[in-house]
Amino acid sequence: VSTAGRMSSPARILVVNADDFGLTAGVNAGIIGAFTRGIVRSATLMVTTPGFADAVQLAHEYPRLDLGIHLALTNVAPALSPAQIPTLVAADGRFPPLAVWQRRCLLGQLDSGEIRAELTAQLMQARQTGLPFTHLDGHHHIHLFGAVAPIAAELAQAQQISIVRRVRDLPALSPPDRSLVVRQRQGLPAQVKRSWLALAETRWTQPASGLMRTDAFRGVPFPRTLVQWQALINGLSPGVTELMVHPGLNDPTVAVLDSYVAGREQELRWLCDPRVADLLATANVTLLSFRELLRLERQTASQVEHVRSERMLQE
């Protein structure tokens, strides 16, 4: 781990993490499918959503799926009573849509005590499952903004969760064949999302002592052609990159909770496409989970300490 709390490696390592585990049964089934038949190695669990109990059962059935916690302050129901967190909820007692939350966040209208209480309740609910958790991120990346960012980092440390998502898309290496580079046309939603994430990186996100972060982040937008996959893979820099994905089955109940519906099945197909796995193997990119990364980090730290001790003895 570097002084900035980031993982570092001379190799090219990719962690494919599926968000929204627990959103609905259909999303859960898609994530398990992308894990058993595709390149997903990690997932982050939501705790106040309709598919939570189903996700917990599946996680116990598939213990090799590495798990993190997906904190939420938008769209879904809270863990606490709405009366306890009035600045965090809408009139219906649920968390507001992202646009409303963003406005409240930018205007400083979110009470920090309520944020701490709600996120603590979500973390406790996750812990009560008895499942192990290695990493933390946020639904719509709420863990990186305003008053939420320092609280999320502090709670991660208190809960001994080692890794917190970064969102900055660091510059990619130029692919060897520039004919493979295709600029993806991004509509207004993608442009707004990139601007919002860039704001978090520059204004609020500070490296927290003791927390690890990947060297780079990808996933906005998701690659939807083989050429785009080739460009993404060829452009991975040395070190650890997280690829955020949202696989799922065609579950109509998702639309009540999230605006991203049809694209989940498309992502599932690509994540299970053997051509993508072949591209990764050909490019010598190593697929790992966050759990496996932590194991490697500990082994490296142990080896360094052993060498240091040997040198001290020789002196």
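**Strand S7, helix H7 and the H4–H5 contact**

Met124 has a relative accessibility of 32% and is therefore classed as partly exposed, since that class lies between the limits of 20% for buried and 50% for exposed residues. The model described here is predicted. Met124 belongs to helix H4, which spans residues 112–127. In sequence, 35 residues separate Met124 from Gln159, while in space their C-alpha atoms are 9.2 Å apart.

Two packed helices are described by the angle between their axes and the distance between the axes. For H4 and helix H5 (residues 148–158), the angle is about 35 degrees and the axes are 10 Å apart. The crossing of H4 and H5 is right-handed. On the H4 side, the contact is made by Ser112, Ile115, Arg116, Leu119, Thr120 and Leu123; on the H5 side, by Val148, Ile151, Glu154 and Leu155. Sorted by class, this contact of H4 with H5 contains six nonpolar, two polar and two charged residues.

Strand S7 covers residues 239–245, and seven of its seven residues are buried, so the strand is largely enclosed by the rest of the structure. S7 pairs with strand S1 (residues 12–21) in the parallel sense, over seven bridges. Within this pairing, Val15 stands opposite Glu242 of S7. S7 also runs parallel to strand S6 (residues 216–218), to which three bridges join it. Here Phe217 is the residue that stands opposite Glu242. Glu242 thus has Val15 opposite it in the pairing with S1 and Phe217 opposite it in the pairing with S6.

S6 and S7 are also related through helix H7 (residues 226–234), as S6, H7 and S7 make a right-handed β-α-β unit. Seven of the nine residues of H7 are buried, and the helix is therefore largely enclosed by the rest of the structure. The buried residues run from Gln228 through Trp229, Gln230, Ala231, Leu232 and Ile233 to Asn234. These buried residues of H7 pack against strands S1, S6 and S7 and against two helices, H9 (263–271) and H10 (274–282). S6 and S7, the two strands of the β-α-β unit, are thus among the elements against which the buried residues of H7 pack. S1, the parallel partner of S7 over seven bridges, is likewise one of the elements packed against by the buried residues of H7.

Note on methods. Residues numbered from 1 in each chain as written. Predicted model: local features only at pLDDT ≥ 70, side-chain atom pairs only at ≥ 80, totals over all residues. Heavy atoms only, no water. Buried < 20%, exposed > 50% of the residue type's maximum accessible area, 1.4 Å probe, protein only. Helix = DSSP H or I, 4+ residues; strand = E, 2+ residues; numbered from the N terminus. Pairing = 2+ DSSP bridges. Right-handed = clockwise from strand over helix to strand, strands pointing away. Axes fitted to C-alpha atoms, helices over the stretch in contact; angles between N-to-C directions. Left-handed = near helix turned anticlockwise from the far one by under 90°. Contact = heavy atoms within 4.5 Å. Nonpolar A, V, L, I, M, F, W, Y, C, P; charged D, E, K, R; others polar.
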